[in-house]
Amino acid sequence: MSKLSPFNVVSLTLGFVFLYLPMLILVVYSFNESQLVTVWAGFSTKWYGELARNEAFLDAAWVTLRVAFFSSTIATVLGTMAAYVLVRGGRFFGRTLFSGMIYAPLVMPEVITGLSLLLLFIGLGMDRGILTIVLAHTTFSMCYVSVVVSSRLVSFDKSLEEAALDLGCSPAEAFRLVTLPIIAPAVISGWLLAFTLSLDDLVIASFTSGPAATTLPIKIFSAVRLGVTPEINALSTIMIGIVTVGVIIASISTKRAKVKAEADERLAQRTE
Amino acid sequence: MRRFVLIAVPFLWLLALFLIPFGIVLKISLSDVALARPPYVPQFSWDEGIRAFLSQLDFENFAFIGAGAIVVTVVAIALLAAVAFPVYGLVFRRFFGGGLKALSIRSLIAAVVSVVAGILAVVIVFAVISFFFPSVVSLLEVDDYLYFQAYLSSLKIAAISTALTLLVGYPMAYGMARSPNSWRPTLMMLVILPFWTSFLIRVYAWRGILSQEGYLNQVLLWLGVIGEPLTILNTNTAVYIGVVYTYLPFMILPIYAALEKLDVSLIEAAEDLGCSRSSAFWLVTIPLSRPGIVAGCFLVFIPTLGEFVIPSLLGGSGTLMIGKVLWEEFFNNRDWPVASAVAIILLLILIVPIVLFQRNQQRQAEAGG
């Protein structure tokens, strides 16, 4: 299939306009002079200045970044372990329960996950704050990491690991020297996924945060409920910008790695 | 020893932070509400033994939200759908095989008869149950119709917005699959990029567009299409738009994956054998992309059912969705036992689509491997 009919062109164009126009409007109007977001009154970057002076938003952003960093890092370790156990671990007692618990949080409504974790933390008498949000975010994002990593583990050749073991590696060395470098791209994208999920989460964070720790989504949500403000537009623009740059860098670097791998392969074939 | 640690650490983590919390939700859903901190009276403790535990269970909260009626209604809808789907497939195939002419009176009668038989079967089953077990009927009583309506309207909103997402997403996935090979990675990235940007911000963007003095109304007024601004924000329409917008990538990607694998020679063969282009599309392309369509629909339907952010930012006071009701019950009314009961029933309802989704995925994996 490689001929685009006019219908295909129209549906693709309209579809991408639908996906990108709302964000474009948001970005354009963040440079609006006026307090009223819907009326254009000239170019200005004053809302970015306002944002930089808004202590509450800065505090929330700092809390969010710390939560995202810690939860995604722990989630990557736990998720990779879980993926390794599920793909390579063979049979063990409670395997079905284990894989069920890995997949269930992916389809669980956030309100239920949040509610159940909050009831747990209250039952344990824990003060709600950064720690409880980190625990909650780690729990659901480790499942995403484990799905991403296990799909990579399934597709790679097990005999490479076995060869390393035959040649005298200990299991730990085989993992570090053979398995980890091969699954590294999946582990990194798992970490990135966990990081963005944590940055983005409103519902679970609202249930598990206390008055001491407010994350950025909670702050944005309470501001947005009152109406559209140019400051939130500016904040959104910054976040959209960071993600766009990140995704572009990631796609360029994977493309480079692919080109390099192909070149290496050609070289290897020539020297044979 | 190392293997044991490798298994135990993630296992125990999930056990402690995923499974045990559910036990707590179940426990609190069976407790009484109280004006205290925490605001509920535990109905039982594990030390008193299992007999005391069973005799003390309190289903008041479930009765209050009309759990029996909700579960029965959902089961009835599922039964009807189970009957209607094969019939629908039959009619569909006849229709697109040769247009209306091929749609014989017999197959139409068969369709009507089987749907009526399905409804009758559901009614008879419930009549028999209520005749032999009269106490079951009392389970169907509903104290407060708010929850019943909220579950039904969540189902309705999720179903309608899934259908709309399919209507928008399928042509896009189809266009992507037909585009030149060199474009595909870029198009893929364009579909995935919104997924990485904040969900909250993408929903928020629509508030500025759909409001009374928003950009959409400004453009339409300027064009002279409408005389006075439309009210879209804070209605169900805004919720549909929001769901389609935010979940579109989840629909496009599985359909695109299915269409990309499709063998073009099959369509050429159908056309050589006398199919028109449109019937080749309906008889070959659509059935072969079915696993992708089914996966995409579930990926939109399941999270939409429990959605909170979209109905609370774009919907109005008239938009009843169960995620929103649960949130308000918990944070505004502080009725934890009822909120827990609402969560348990939502989970029960979700089991049906989740199991169907997993079956579809498994079948796909078997077909692929």
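The exercises below work through a predicted model with chains A and B.

**Exercise 1. The interface**

Task: Describe the contact between chain A and chain B by residues, buried area and polar pairing.

Solution:
1. Start with the residues: 85 of chain A are in contact with 83 of chain B.
2. Take the area next. The two chains bury about 7,600 Å² between them, and 81% of that lies on carbon and sulfur atoms.
3. Find the element of chain A that gives the largest share of the side touching chain B. Helix α1 (residues 6-29) of chain A does so, with 14 residues.
4. Count the polar pairs. Nine residue pairs are in polar contact between chain A and chain B, both residues at pLDDT 80 or more.
5. Count the salt bridges: between chain A and chain B there are zero.

**Exercise 2. Two residues of helix α11 in chain B**

Task: Decide whether T246(B) and P249(B) are buried or exposed, and list what each touches, leaving out residues up to four places away in sequence.

Solution:
1. Place T246(B): it is in helix α11 of chain B, which covers residues 236-260.
2. Apply the cut-off, under 20% relative accessible area for buried. T246(B) has 2%, so it is buried.
3. List the contacts of T246(B): F199(B), R202(B), V203(B) and I310(B).
4. Place P249(B), which is also found in helix α11 of chain B.
5. The relative accessibility of P249(B) is 3%, so this residue counts as buried.
6. P249(B) touches V191(B) and P254(B).
7. Check a separation along the chain against one in space. P249(B) and W206(B) are 43 residues apart along the chain, and 17 Å separates their C-alpha atoms.

**Exercise 3. A surface patch on chain B**

Task: Locate F132(B), class it as buried or exposed, and name the patch residues that accompany it.

Solution:
1. F132(B) lies in helix α5 of chain B, residues 105-132.
2. The cut-off for exposed is over 50% relative accessible area. F132(B) has 58% relative accessibility and therefore counts as exposed.
3. F132(B) belongs to a nonpolar surface patch of about 990 Å². The other members are V112(B), V116(B), L120(B), I124(B), V125(B), V128(B), I129(B), F131(B) and F133(B).

**Exercise 4. Helix α10 of chain A**

Task: Which residues of helix α10 of chain A are buried, and what phi does G227(A) take?

Solution:
1. Helix α10 of chain A spans residues 216-226.
2. Its buried residues are L216(A), P217(A), I218(A), I220(A), F221(A), A223(A) and V224(A).
3. Just after α10(A) comes G227(A), with a positive phi of about 150°.

Key. Residues numbered from 1 in each chain as written. Chains lettered and ligands numbered in written order. Predicted model: local features only at pLDDT ≥ 70, side-chain atom pairs only at ≥ 80, totals over all residues. Heavy atoms only, no water. Patch = residues over 30% accessible without salt bridge, like charges linked within 9 Å, V, L, I, M, F, W, Y side chains within 5 Å. Areas by Shrake-Rupley, 256 points an atom, 1.4 Å probe, with all protein chains shown as cover. Salt bridge = Lys/Arg side-chain N within 4 Å of Asp/Glu carboxyl O. Helix = DSSP H or I, 4+ residues; strand = E, 2+ residues; numbered from the N terminus. Buried < 20%, exposed > 50% of the residue type's maximum accessible area, 1.4 Å probe, protein only. Contact = heavy atoms within 4.5 Å. Buried area = accessible area lost by both parts, 1.4 Å probe. Polar contact = N/O pair within 3.5 Å; in protein donor to acceptor, adjacent residues only side chain to side chain.
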